[in-house]
Amino acid sequence: MTDYAEEQRNELEAIESIYPDSFTVLSEIPTSFTITVTSDAGKNDEMVEVTLKFTYVEKYPDEAPLWEIFSQENMEDSDTEEILSFLNQQAEENLGMVMIFTLVNAVQEKLNEIVDQIKHRREEEQSRKDAEAEEAEKVAFQGTVVTIENFLAWKARFELEMNELKKKRQKEEEQIGKIKLTGKKLFETDHNLDTSDIQFLEDSGNNVEVDESLFQDIDDLDLDEDDPDFNPLELGSDED
């Protein structure tokens with residue numbers, strides 16, 4: 001007759017010696033304990049961890065122990081479901097033998113597989129981001145392909161903007177005052193300016209008299225204009 005209690009005590013002592021830092025007894029009746037299992041570190045320090053809770057049933061190891069995931073880190077819900085299913089498979093294969101060590105080792109290997117999957121998912125995500133960035137760069141470099149439709153649409157927007165700008169400038173000029181005119185424009189628009197100075201002198205009673213004796217006939221002047229040393233300022237000094 002199998003002494004289930006003895007086999008359970010012996011296994012419990014062995015498990016405690018194998019996993020001294022991760023083994024914790026929760027209760028003695030029924031015997032319940034936890035073991036924390038951590039994956040190996042991935043290339044970029046990816047790591048997952050799970051704490052398994054085991055409870056002996058009366059006829060263990062002829063019957064499978066109870067188990068559950070007590071806690072976990074960095075694992076998806078799908079990962080935890082996969083581990084529970086994997087534990088069930090391993091327990092069926094090891095009925096009749098103490099199996100805690102076997103189950104923990106199997107979970108350890110599964111966690112390492114999960115780390116590889118995490119690494120693969122991250123690489124795929126990075127590749128997708130790189131492809132999107134490359135595609136965006138190509139679009140930015142190539143610019144927008146010009147078609148008749150988008151050219152006409154751009155032309156309509158451009159003309160509308162220019163008309164709005166023209167109206168804005170005209171409104172600003174009206175607010176400042178009438179546009180400043182050049183001297184030529186002033187005379188062209190107001191012909192009274194041609195005689196305004198003379199009319200001003202006449203209205204003020206100031207008649208300008210001119211002494212005609214101060215002027216000579218230009219033909220009577222003996223100007224040596226062809227002489228390179230000719231200086232008109234020296235004419236007065238010669239008379240003196």
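Let me start with the aromatic pairs, of which a search of the whole structure finds seven, and please keep in mind throughout that what we are looking at is a predicted model. The pair I would like you to find on the screen is the one formed by F23 and F33, whose ring centres lie 5.4 Å apart, with an angle of 45° between the planes, so that the pair counts as tilted rather than stacked, the stacked label being kept for planes under 30 degrees apart. F23 belongs to strand β1, which covers residues 23-27, while F33 belongs to strand β2, which covers residues 32-38, and the pair therefore ties together parts that are 10 residues apart in sequence. Both F23 and F33 are buried.

Now move along to Y56 and Y60, which form another aromatic pair, and here the arrangement is a stacked one, with 4.7 Å from centre to centre and 15° between the planes. Are these two tyrosines, Y56 and Y60, buried or exposed? Y56 has a relative accessible area of 5%, and because the cut-off for being buried is under 20%, Y56 counts as buried; Y60, with a relative accessible area of 0%, is buried as well. If we then put the pieces together, ring pairs link F23, F33, F54, Y56 and Y60 into a cluster.

There is one further ring that I want to point out, which is F86, where K110 lies over the face of the ring, at 4.9 Å from the ring centre.

Let me turn next to I69, which you will find in strand β4, the strand that runs over residues 66-73. Leaving aside residues up to four places away in sequence, I69 touches V50, T51 and L52, and in addition T80, I83 and L84. For one of these partners, V50, we also have a distance between the C-alpha atoms, which is 6.9 Å, although I69 and V50 are 19 residues apart along the chain.

Finally, let us step back to the protein chain as a whole, whose secondary structure comes to seven helices and four strands. Reading along the sequence, you meet one helix, then the four strands one after another, and then the remaining helices, in the pattern α-β-β-β-β-α-α-α-α-α-α. The chain has 240 residues, of which 21% count as buried, and the area it exposes is about 19100 Å², with carbon and sulfur atoms supplying 50% of that. As for contacts, if we take those with a separation of 6 or more, 51% of them are between residues 24 or more positions apart.

Technical notes: Residues are numbered from 1 along each chain as its sequence is written. This is a predicted model: local features need pLDDT of at least 70, side-chain atom pairs count only at pLDDT 80 or more; totals for chains, interfaces and linings use all residues. Side-chain values use heavy atoms; hydrogens and water are left out. Rings of Phe, Tyr and Trp (its six-membered ring) pair if their centres lie within 6.5 Å; planes under 30 degrees apart count as stacked, over 60 as edge-to-face and the rest as tilted. Helices (H or I, at least four residues) and strands (E, at least two) are DSSP runs, numbered from the N terminus. Buried means under 20% relative accessible area, exposed over 50%, partly exposed in between (1.4 Å probe, protein chains only). A charge sits over a ring if NZ of Lys or CZ of Arg is within 6 Å of the ring centre and within 35 degrees of the ring normal. Contact means heavy atoms within 4.5 Å. Accessible areas come from the Shrake-Rupley method with a 1.4 Å probe; for residues, only the protein chains shown count as cover.
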